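These are my notebook entries on one structure. I began with the ligand and then turned to single residues.

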Amino acid sequence: MKFVIAIDGPAAAGKGTIAANLVKKFKFAYLDTGLLYRAVASKSLDEGVKPEIAASNLTQNDLMKSNLRDPVISKESSKIATIPEVRSCLQSFQIEFSKKSGGVILDGRDIGTVICPDADIKFFICATVQVRARRRYIELLGRGVKTNLAKVSEDIIRRDEIDSKRDHSPLIKATDAILIDTSLLSIEQAFKMVEECVKKELKKSDP
Ligand code: CDP
């Protein structure tokens with residue numbers, strides 16, 4: 001069996017939580033592609049090397065750092081993700097992962113459009129800036145990061161703009177992606193919708 005789920009959407013829309021629930025439910029392999037960009041941003045800052053160099057030398061250890069979800073890395077990751085050389089360094093790893101046998105889930109910004117244009121099912125998860133900022137603010141507070149809602153909101157707006165306006169692989173809904181607006185949904189409700197769509201599609205591919 002081979003089944004690819006592509007999940008895209010802006011910052012803090014709920015992609016990661018939905019993916020984690022899908023992993024639990026279907027036992028598929030999962031790649032959080034945002035983590036790769038975060039690891040490049042962190043390595044580049046820590047080692048004082050160009051993002052292109054950091055991307056071409058990325059190791060498993062770089063993906064294990066505890067600071068990857070810090071706001072400073074979020075900000076930097078959106079910047080370095082505009083560099084075509086960085087994107088192409090990370091592309092082959094993502095494509096290889098998507099070719100694994102069995103079920104796979106990838107989440108990011110360009111999965112349904114560039115990395116896995118032939119995915120079996122694609123989702124574009126979105127929510128209003130206010131809702132996303134609040135979710136991210138609560139997440140950061142929970143991790144002990146000192147910040148405030150206005151700042152988190154500003155960062156999200158800025159990152160959305162960089163991600164959707166860049167020339168290479170911008171954040172955009174694939175035409176065949178299922179749009180799920182999680183603004184007014186609980187995680188359980190959002191997951192239920194995604195789960196139903198996946199079940200239906202799985203049935204089609206393996207009746
Ligand atoms: O968790 P959050 O949604 O805030 O971000 P993320 O998914 O961890 O991604 C961090 C950054 O990496 C994004 O703001 C994008 O600029 C970049 N990214 C990308 O360009 N392409 C991807 N497939 C995944 C992430």
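How far does a polar side-chain atom of Arg 69 lie from an oxygen atom of the ligand? I looked this pair up and found a separation of 2.7 Å. I note at the outset that the model is a predicted one.

**Entry 1: the ligand and its contacts**

I next looked up Arg 87, where a polar side-chain atom is 2.7 Å from an oxygen atom of the ligand. For Thr 33 the ligand atom is a nitrogen, and an N or O atom of the Thr 33 side chain lies 3.0 Å from this nitrogen. I then looked up how much of the ligand the protein covers. On its own the ligand has 530 Å² of accessible area, and the protein covers 97% of this area.

**Entry 2: the surroundings of the ligand**

I asked where the ligand sits, and the place is the largest pocket. Which elements give two or more residues to the shell around the ligand? I recorded α2 (33-47), α4 (71-80) and α8 (149-165). Of the elements, α2 gives the most, with four residues.

There are 19 residues around the ligand. Those that come nearest are Arg 38, Arg 69, Arg 87, Arg 136 and Asp 163. I also looked up the kinds of residue in the shell, and I counted ten charged, five polar and four nonpolar.

**Entry 3: Ser 183**

I moved on to Ser 183, which I found in the loop between β5 (178-181) and α9 (187-205). Is Ser 183 buried or exposed? Its relative accessible area is 16%, so I entered Ser 183 as buried, the cut-off being under 20%. I looked up two contacts of the Ser 183 side chain. With the side chain of Asp 181, the Ser 183 side chain makes a polar contact at 2.6 Å. The Ser 183 side chain also reaches the backbone nitrogen of Thr 128, at 3.0 Å.

**Entry 4: positive phi values**

I looked up the backbone angle phi at two residues. Ala 12 is not a glycine, yet its phi is positive, near 60°. I placed Ala 12 in the loop between β1 (2-8) and α1 (15-26). Ala 12 is buried, because its relative accessible area is 11%.

Ser 169 is likewise a residue other than glycine with a positive phi, here about 45°. I found Ser 169 in the loop between α8 and β5. With a relative accessible area of 18%, Ser 169 is buried.

**Entry 5: pairs apart in sequence**

My last entry concerns two C-alpha pairs. I looked up Ser 98 in helix α5, which spans residues 84-98. How many residues apart in sequence are Ser 98 and Ala 119? They are 21 residues apart in sequence, and their C-alpha atoms are 8.9 Å apart in space. Ser 98 has a relative accessible area of 9% and is therefore buried.

Gly 103 lies in strand β3, residues 102-108. I compared its position with that of Val 23: the two are 80 residues apart in sequence, and from C-alpha to C-alpha they are 9.4 Å apart in space. I entered Gly 103 as buried, because its relative accessible area is 10%.

Definitions and conventions:
Residues numbered from 1 in each chain as written. Predicted model: local features only at pLDDT ≥ 70, side-chain atom pairs only at ≥ 80, totals over all residues. Heavy atoms only, no water. Near = heavy atom within 4 Å. Polar contact = N/O pair within 3.5 Å; in protein donor to acceptor, adjacent residues only side chain to side chain. Areas by Shrake-Rupley, 256 points an atom, 1.4 Å probe, with all protein chains shown as cover. 1 Å grid on protein atoms, 1.4 Å probe; cavity = no way out; pocket = protein on both sides within 12 Å on 5 of 7 lines; lining within 4 Å. Sits in = over half its atoms within 2 Å of the grid points. Nonpolar A, V, L, I, M, F, W, Y, C, P; charged D, E, K, R; others polar. Buried < 20%, exposed > 50% of the residue type's maximum accessible area, 1.4 Å probe, protein only.
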